[in-house]
Amino acid sequence: MQHPYARLPDRSFWRTAVAERPPADIQDLWTPKFPIGQDAPVITAGSCFARHIGPALLREGMHWYDAELPPPGLTAEARQARGYRRFSFRTGNIYTAAGLRQWFAWALGTRTPPVEVWRDADGRCHDPYRPTVEPDGFSSPEEALASRQVTLDAIRRALATADVLVFTLGLTEAWHDTVDGTVLPMCPGTVRGTFDPDRHRLRNHTVAEVLRDLTAALALAREASPRLRTVLTVSPVPLTATATGAHALVATTHSKSVLRAAAGQLAAELEHVDYFPSYEIVTGFPYRAAFYEHNLRTVSPDGVAFVMRHFLDGLHGRTGRPEHAPDSTPTPTPTPDAGGEDTWCDDAVLDYYSRGLGPGHSSGPVPAPR
């Protein structure tokens, strides 16, 4: 009887699947576990890289469901600044599995969100769990909490409507509030709020913790919609900064490895969960960092298009070279922002603190991410 390796296709061998192919011709990276119909409502959430998925689905004629539409009369710039049309609800970036679990628990009523708000120097109020969705803040705590409730209602509506959730994991490092037991999207004091070392503690989540939080979050979601299926991805965007004491490169590798392991394990264990390799497509060394801009962090438009073409080709069973595939290694184009950071990523503001400014020194106000 032949051993199993004698019957494997070319895609199973490094030489025939990778080494002997131009990078743009590496194909068949994803075989979807389940179909996603053209009209199936798809909701998206996660790190800043996840914001590309909804618009790409719309361009393909698919049904990206946005449960929290902007109010009429806002300009396109105002909609973007206030966090509309990025994801299927206006949570801002959700970087961690713990953050996703928290939002779902609040929306579905299994936990009660805190009522605390942060005030800035002008007395404007900010939601600690969505510190960047209203750049100018709210006029009162009541307005801030009412706005959050709109988002919680949108999450509940989205989960009840959706056939598919696409969630992009971004980080393992998270700041926890030890007073109310919550996880914060950003370190207090970096953009809003005030850092309290006795209250705010960094935790670098383990594979077991990410797996636990993802499992719980998706169980909550399927209680709202038993038909819901999930596609997990891992963001290829490196950490802007790490508070663990490790080198940023080492911390990034650790964080992404933990997220990739947890996502892969959950996809292997649950029939209603799949994994799409956006992380591998951008960071895989056959691509030689060609899809990063000059800061080696922001994924270029060509890179985003390449990833989304693999995603859509996989869904539709298409073969052949993806559109936007480079014939040779492209030259990255810097972003217009200082430092080349992607200001859609909330944690990009951390780069402000890396510019050789000692404690107590400032070159101006900390820029709030869009």
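Leaving aside its neighbours within four places in sequence, which residues is Phe167 in contact with? In this predicted model, the list runs Ala45, Gly46, Ile94, Thr96, Leu100, Leu214, Val231, Leu232 and Thr233. Let's use that residue as a way in.

Phe167 belongs to the largest nonpolar core, a set of 43 residues. Along with Ile43, Phe89, Phe104, Ile155 and Leu214, Phe167 is among those with the most contacts inside this core. Several elements each give two or more residues to it: the strands are E1 (42-46), E4 (164-169), E8 (229-234) and E9 (273-275), and the helices are H4 (97-108), H5 (141-161), H6 (207-224) and H7 (248-269). Apart from this core lies another one, made of 34 residues, including Ile26, Ile281, Phe291 and Leu315.

Now for the strands. E1, E4, E8 and E9 make an open sheet, in just that order, and they pair in parallel. E1 and E9 are the edge strands, each with a single partner, so one side of each has no neighbour in the sheet. On average, neighbouring strands here are turned by 20 degrees against each other, direction ignored.

Take a look at E4 and E8, which run parallel and are joined by six bridges. Val166 has its bridge partner in E8, namely Val231. You've met Val231 already: Phe167 is in contact with it too.

Finally, find helix H6. It lies across E4, E8 and E9, and runs at about 160 degrees to E4. H6 is also one of the elements that give two or more residues to the core we started with.

How values were computed:
Residues numbered from 1 in each chain as written. Predicted model: local features only at pLDDT ≥ 70, side-chain atom pairs only at ≥ 80, totals over all residues. Heavy atoms only, no water. Core = buried A, V, L, I, M, F, W, Y, C linked by side-chain atoms within 4.5 Å. Buried < 20%, exposed > 50% of the residue type's maximum accessible area, 1.4 Å probe, protein only. Helix = DSSP H or I, 4+ residues; strand = E, 2+ residues; numbered from the N terminus. Contact = heavy atoms within 4.5 Å. Pairing = 2+ DSSP bridges. Axes fitted to C-alpha atoms, helices over the stretch in contact; angles between N-to-C directions.
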